[in-house]
Structure formats: structure tokens, C-alpha cells
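Open the model in your viewer and keep the selection panel at hand. The stops below go from charged side chains to a strand and then to a cavity.

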Amino acid sequence: MLVLFDIDGTLLLRAHVEHRHALADAVREVWGVADPGPAAVPAAGRTDGEIAREVCLLGGVSADRIDAGVGDFRAACARAYVRRCPPDLRDRLAPGAEQVVAGLAAREGVRLSLVTGNLEAVARLKLERAGLGGFFAAGQGGFGSDAEDRTELPPIARRRAGHDGAPYPRARTVVVGDTPNDIACARADGVRCVAVATGPYGAEALGAADAVVGGLRALPDVLLSGPRTRTPPPARP
């Protein structure tokens with residue numbers, strides 16, 4: 001089984017704060033536009049490039065100019081995140097994240113990878129400083145630096161996890177995330193999705209997933225039993 005984890009709201013909580021500041025720094029540096037903030041441009045479940053594009057369009061930047069600056073933006077955002085990222089992000093781990101990831105990684109026949117809207121450089125630094133970097137191999141996963149459209153990321157991750165030119169099979173791939181966009185990207189690639197209600201969305205908003213769990217500690221049982229039915233988490237206060 002290939003398990004494709006989202007990061008923000010799934011493995012880490014509140015780690016998006018410095019990340020969004022770094023994105024704002026990069027948008028200002030490359031296009032001279034101020035980020036109006038998450039209230040105007042929400043970030044949950046979206047790629048860094050998609051967020052930056054919306055900020056720029058709201059700021060009057062043309063699509064052609066945005067396209068021309070994408071490479072510079074990615075580099076600037078990575079640099080800004082190095083400056084802003086706390087040296088230790090273990091306090092941002094979702095409850096049970098380290099134990100669940102370590103337990104799954106130790107199981108025969110389970111491979112861990114990533115599908116995240118973070119630029120790869122940002123994602124890798126987040127996980128390294130949260131103590132999870134060693135569980136996610138270099139050269140694997142799908143990232144916001146690979147495509148602006150999140151639905152393109154699971155096929156990229158499966159291709160990188162494949163063998164002899166064949167992508168990893170859809171039937172043995174599961175996306176784990178916390179937003180409707182995580183579910184949508186799994187559906188677009190024809191793979192299963194387990195939603196974790198630890199991010200900004202409650203169980204009802206995540207009901208299109210194959211299974212919904214209240215937290216990561218419930219994830220292994222659902223994954224290993226084959227997520228075919230929705231398992232509602234406890235009601236949110």
C-alpha cells in the first residue's frame with residue numbers, strides 16, 4: 001500500500017503560519033504585491049502556486065507576468081521559509097502523528113509518501129524540523145512545486161513510487177488529508193482517500209471520502225482494513 005500524506009492540518013497543526021508569511025514575502029519580492037491574508041485568499045487544501053496566483057490576480061498582476069515569475073517565486077518562498085521556520089516544529093505535530101507514521105513505516109508492504117500543496121523545499125524542511133523527515137524518502141511524493149493544480153499531484157507521486165516505468169497501482173494507493181481538496185485530488189486520480197478531521201473541516205464536509213476519522217490514531221486500523229465506508233469521528237465542540 002502506498003499512503004500519500006498531506007502535511008498541514010494532517011501531520012502538522014499550525015505549521016502553516018510561518019509558511020504563509022514566507023509565501024507573502026515571496027509574492028512581495030517577485031511581483032510587488034501584498035498578501036491580503038487568509039480571510040481573502042484561503043490556503044487550506046491548495047497549492048502554494050495557486051495561492052500566490054490568486055493573491056497576484058487580486059493585486060492586478062497579469063496572468064502572463066505571473067507565469068513568468070513562477071520559478072522566481074518558488075525559489076524566493078523556499079528562502080523565506082528557511083528564515084521564518086522555527087528550529088523545532090515538534091510542538092506542531094498532530095496528536096499521534098509520530099507514533100502512527102513510525103508504526104506504518106515499520107509495517108511490511110506499506111510505503112509512505114506525500115501529496116501536499118507545499119513547495120517541496122518547504123515540505124521537506126517542515127517535516128525535518130518536526131522529526132518526521134526520515135520517514136519520507138527523497139525523490140518521492142507530489143508537491144506544489146510540481147504542479148499548481150492539486151489534482152495533478154497523486155499521479156506524480158504514484159509515478160515516482162512506481163517500478164520499471166509503471167506507476168504505483170491506483171488500487172493500492174490511499175491519500176490521507178484533511179480538506180475536500182484532498183478528497184478531490186484522490187478522486188481525480190481514481191484512488192481512495194481517508195480524511196482526518198483535524199484541520200479546518202468537520203466530518204460532514206469530509207463525507208465524500210472513503211473513510212473519515214477523528215484523528216491520526218484511528219488511521220492504521222482504517223487503512224489496514226481497507227477504507228470503504230465512512231467512519232464518523234466524534235462531534236466537534
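Is Glu54 buried, partly exposed or exposed? Select Glu54: this residue has 26% relative accessibility, so it counts as partly exposed, since buried means under 20% and exposed over 50%. Bear in mind throughout that this is a predicted model.

**Stop 1: Arg46 and its partners**

Keep Glu54 selected and add Arg46. The two form a salt bridge, with 2.5 Å between the closest N and O atoms. Now add Glu50, whose side chain also meets that of Arg46 in a salt bridge, at 3.4 Å from N to O. Colour these residues by accessibility. Arg46, at 15%, counts as buried, whereas Glu50, at 28%, counts as partly exposed. Arg46 is therefore a buried residue with salt bridges to Glu54 and Glu50, each of them partly exposed.

Clear the selection and pick Asp25, Arg28, Arg83 and Arg84. Salt bridges with shared partners join these residues into one network.

**Stop 2: Glu18 and Arg92**

The structure holds 20 salt bridges in total. For another of them, select Glu18 and Arg92, where the closest N and O atoms are 2.8 Å apart. Which parts of the chain does this pair tie together? Glu18 belongs to helix 1 (residues 16-31), while Arg92 sits in the loop between helix 4 (70-84) and helix 5 (97-105), so the link joins parts that are 74 residues apart in sequence. Switch to a surface view to check the exposure of both ends. Glu18 counts as buried because its relative accessibility is 13%, and Arg92 counts as buried at 12%.

**Stop 3: strand 3 and its neighbours**

Next select residues 173-177, which make up strand 3. How many of the residues of strand 3 are buried? The count is 5 of the 5, so the strand is largely enclosed by the rest of the structure. Look at the strand edge-on to separate its faces: Thr173, Val175 and Gly177 lie on one side, Val174 and Val176 on the other, and both faces are covered.

Add strand 1 (residues 2-5), which runs parallel to strand 3 and is joined to it by 4 bridges. Within this pairing, Leu4 stands opposite Val175. Then add strand 4 (residues 192-196), which also pairs with strand 3 in the parallel sense, over 4 bridges. Here Val174 has Arg192 as its bridge partner. To follow the chain between these two strands, show helix 8 (residues 180-189); strand 3, helix 8 and strand 4 make a right-handed β-α-β unit.

**Stop 4: the cavity**

Rolling a probe the size of a water molecule over the atoms shows where empty space is left. In this model the count comes to 1 cavity of 30 Å³ or more, and the largest cavity has a volume of about 50 Å³. Which residues line the largest cavity? Select Trp31, Gly49, Ala52, Arg53, Ile66, Val70, Phe73 and Glu148 to see its lining. Helix 2 (48-58) and helix 4 are the elements that give two or more residues to this lining, and helix 2 provides the largest share, with 3 residues. Colour the selection by residue class to finish: the lining has 5 nonpolar, 1 polar and 2 charged residues.

Conventions:
Residues are numbered from 1 along each chain as its sequence is written. This is a predicted model: local features need pLDDT of at least 70, side-chain atom pairs count only at pLDDT 80 or more; totals for chains, interfaces and linings use all residues. Side-chain values use heavy atoms; hydrogens and water are left out. A salt bridge is a side-chain nitrogen of Lys or Arg within 4 Å of a carboxyl oxygen of Asp or Glu. Buried means under 20% relative accessible area, exposed over 50%, partly exposed in between (1.4 Å probe, protein chains only). Two strands pair if DSSP finds at least two bridges between them. A crossover is right-handed if, with the strands pointing away from the viewer, the path from the first strand over the helix to the second runs clockwise. On a 1 Å grid over the protein atoms alone, a cavity is a set of points where a 1.4 Å probe fits but cannot get out, and a pocket is an open set with protein on both sides within 12 Å along at least five of seven lines; lining residues have an atom within 4 Å of a point. Grid points are joined across faces, edges and corners, and a volume is the space filled by probe spheres set on the points. Ala, Val, Leu, Ile, Met, Phe, Trp, Tyr, Cys and Pro count as nonpolar, Asp, Glu, Lys and Arg as charged, and the others, Gly among them, as polar.
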